[in-house]
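This report looks at charged side chains and cysteines. Please keep the sequence and the model at hand while reading.

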Amino acid sequence: MTKLLHERLREYMKDGVLIDHESPLTQALEHYKLTPRLGSVYVESCFFKKLADEIEREYIPRPRFEDGEPVQFGDSAKRDFGTADAENIDKMTFCKGGSVDVIGSNGHFSTSRNGECLKRLYPKVYDADGVEYKDGQTVWSTDPASPESAKVIRVNPNSVDVRWSNGERGECIDPLYLTHERTVFDTNGERIKVGDEGLDDKGNRCIVIGIGDAGFVNLKYDDGEIFSLSPTRFAHREPDSFDKAMERFKSILEDKDGLDYEVEEKLWAVHNRLTALIERGV
């Protein structure tokens with residue numbers, strides 16, 4: 001079940017925690033004058049209790065959906081009887097006995113009785129990384145053969161409709177085929193994500209700390225140095241042998257249609273990887 005802020009704060013009551021001044025939690029504590037303004041602050045458990053108490057004094061409990069999330073204005077809910085659903089909830093009426101009527105802009109409503117959960121009219125749909133889809137968002141394909149961007153134009157119960165960057169419309173696309181994070185692929189065609197560990201084309205170990213707007217990957221090395229490289233110069237794992245690397249080199253040569261910049265980048269990446277393997281005697 002998704003926990004609300006005051007519920008999460010009570011979980012911190014067992015131990016204090018060191019948080020940065022810029023974090024929303026620190027700013028909230030300062031707002032309620034529960035902690036001094038410092039660059040960073042060790043927050044004792046008593047502060048969490050005070051903040052949770054303050055929130056609960058102003059908090060109006062809301063009914064929840066079946067996934068545990070509280071009902072928000074603008075959501076839509078299935079009616080518990082009849083055929084009319086509550087579209088775009090804009091009012092909640094709290095009744096005696098603990099029941100709540102959620103009323104949509106269309107005048108229809110659904111009722112949560114004594115803590116019972118409501119059903120969403122439109123189930124949430126998530127991408128390959130577990131991020132929820134919303135209309136108007138920019139998404140990318142997870143297929144190395146078509147790493148183009150698109151705009152979400154409609155979220156269906158089990159799929160999404162998009163408008164690709166070339167203007168074509170894509171309908172009823174598997175939501176796991178797309179992601180909200182720009183997609184780039186390593187030298188072996190495997191998708192690169194922030195937090196991935198691997199090697200650059202010279203065999204140096206590094207971790208991905210970001211992906212730039214131009215598609216370059218920001219890598220942090222064991223010595224703390226940070227560099228931005230073309231994704232073709234990164235691999236999640238090095239080839240098992242010199243022969244495997246040579247196979248990759250030959251496949252690039254066979255697939256190329258004229259020696260353009262992208263192909264040249266791939267060839268140099270494999271060249272450097274081969275050199276690193278030779279130097280290590282693999």
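## Surface charge

A patch, as the word is used here, is made of residues with over 30% relative accessible area and no salt bridge, with like charges joined within 9 Å. In this predicted model, E197, D222, D223 and E225 gather in such a patch, one of negative charge on the surface.

One member of the patch, E225, can be placed in the chain, for E225 lies in the loop that runs between strand 15 (217–221) and strand 16 (226–229). With a relative accessibility of 43%, E225 counts as partly exposed, and this value fits the patch requirement of over 30% relative accessible area.

## The salt bridge between R191 and D129

Side chains of opposite charge can pair when their charged atoms come close. The structure holds five salt bridges, and one of them joins R191 to D129, with the closest N and O atoms 2.7 Å apart. R191 belongs to strand 12 (residues 191–192), whereas D129 sits in the loop between strand 5 (109–112) and strand 6 (138–141), so the pair ties together parts that are 62 residues apart in sequence.

The two partners can also be described by their accessibility: R191, at 15% relative accessibility, counts as buried, while D129, with a relative accessible area of 34%, is partly exposed. The pair also belongs to a wider arrangement, since D129, E181 and R191 are linked in a network of salt bridges.

## Further salt bridges

Another salt bridge is the one in which the side chains of E132 and K134 meet, at 3.5 Å from N to O. Both partners fall into the partly exposed class, E132 with a relative accessibility of 22% and K134 with a relative accessible area of 47%.

E171 and R169 likewise form a salt bridge, and here the closest N and O atoms are 2.8 Å apart. For R169 the relative accessibility is 41%, a value at which R169 counts as partly exposed.

## Cysteines and disulfides

How many disulfides does a search of the whole structure find? A disulfide is a covalent bond between the sulfur atoms of two cysteines, and the search of the whole structure finds zero of them.

Two cysteines may be described by their accessibility: C117 has a relative accessible area of 43% and is partly exposed, whereas C172, with a relative accessible area of 58%, is exposed. The boundary that separates these two descriptions is 50% relative accessible area, over which a residue counts as exposed.

Key: Residues numbered from 1 in each chain as written. Predicted model: local features only at pLDDT ≥ 70, side-chain atom pairs only at ≥ 80, totals over all residues. Heavy atoms only, no water. Salt bridge = Lys/Arg side-chain N within 4 Å of Asp/Glu carboxyl O. Helix = DSSP H or I, 4+ residues; strand = E, 2+ residues; numbered from the N terminus. Buried < 20%, exposed > 50% of the residue type's maximum accessible area, 1.4 Å probe, protein only. Patch = residues over 30% accessible without salt bridge, like charges linked within 9 Å, V, L, I, M, F, W, Y side chains within 5 Å. Areas by Shrake-Rupley, 256 points an atom, 1.4 Å probe, with all protein chains shown as cover. Lys, Arg positive; Asp, Glu negative; His and termini not counted. Charge placed at Lys NZ, Arg CZ, Asp CG, Glu CD. Disulfide = S-S within 2.5 Å.
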